[in-house]
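Colleague: Please take me slowly through one helix of this structure, since I am new to it, and then set that helix in its wider context.

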Amino acid sequence: HDHHIIAVAAGTGATLAGLAAGASLKPRQLVLGFPVLKGGDFVRNDAVKFLHQALGPVQAEEQGGGAAERLQVYLDAHCGGYGKVNTRLIAFMRYFYEKHGVKLDPIYTGKLVMSLYDMAQSGQLHERLRHNSGQQSVGGGELCRVLAVHTGGLQGIAGAEQRLGEKIFPD
C-alpha cells in the first residue's frame, strides 16, 4: 500500500528495476536495492538501463520523480561478497527467525534485512527518504514504512550450513 521504501536484495539489478518501474506510480516512493556483491555499485546503473528498456527513457527519467530518480542502492550489505557469510549475519538470521518465525537465506535476504535493521537504527532510512522527497520529515512523527521483498533463496541455507559445519536454524 503506502510504503515509503521498497527494499530488495540485488544481484543484477533486474528485480530492482522492475520494482522501481512499479513504484513510479506512487509519489515520492523510494526503491532501495542492496547489492550482495562486493563492488556492487554497478547495480544501480544496470537497473537504470533495464528501466529505460521497460519504460522508455522519458518515463524512466521523468523530471521530479521518475523511476530512475527514486532508485537507490546501499553498498554495505555484501558481508564480504557474493556467497560470503560471517558470524554477525548468521547470528542475525537466527535472531530474526526466533523473533518473527521467518527464515532468511544467507546469500540475499539475510543481508537485506540485517542491513535494513542497521539503517533503521542509525537513522539512514529516514535520511534517504527525506533526501528523496525533499521533506524535512516523513510526516507528523510518522514511522518510515518499509516493504522488504523476500525473494526466496532458502535453498542456499544447506550450502551455507555445509561450509559452516553447523545448522543455522533448528529443525
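Modeller: Helices here are DSSP runs of H or I with at least four residues, strands are runs of E with at least two, and both are numbered from the N terminus. The model is a predicted one, in which local features need pLDDT of at least 70 and side-chain atom pairs count only at pLDDT 80 or more, while totals for chains, interfaces and linings use all residues. Residues are numbered from 1 along each chain as its sequence is written, and side-chain values use heavy atoms, with hydrogens and water left out.

The helix I would choose is H7, which spans residues 156–164 and has Ile-157, Ala-160 and Glu-161 as its buried residues, buried meaning under 20% relative accessible area, exposed over 50% and partly exposed in between, with a 1.4 Å probe and protein chains only. Because these buried residues fall within an arc of 100° when H7 is viewed down its axis, they line one face of the helix; the arc is taken from the directions that lead from the helix axis to the C-beta atoms. An α-helix has 3.6 residues a turn, so residues three or four places apart point the same way. Gln-162 and Arg-163, by contrast, are exposed on the other side of H7. Just after H7, Gly-165 adopts a positive phi of about 75°.

As for the wider context, the protein has seven helices and four strands, and its elements follow the order β-α-β-α-α-β-α-α-α-β-α from the N terminus on. Of the 171 residues in the protein, 42% are buried.
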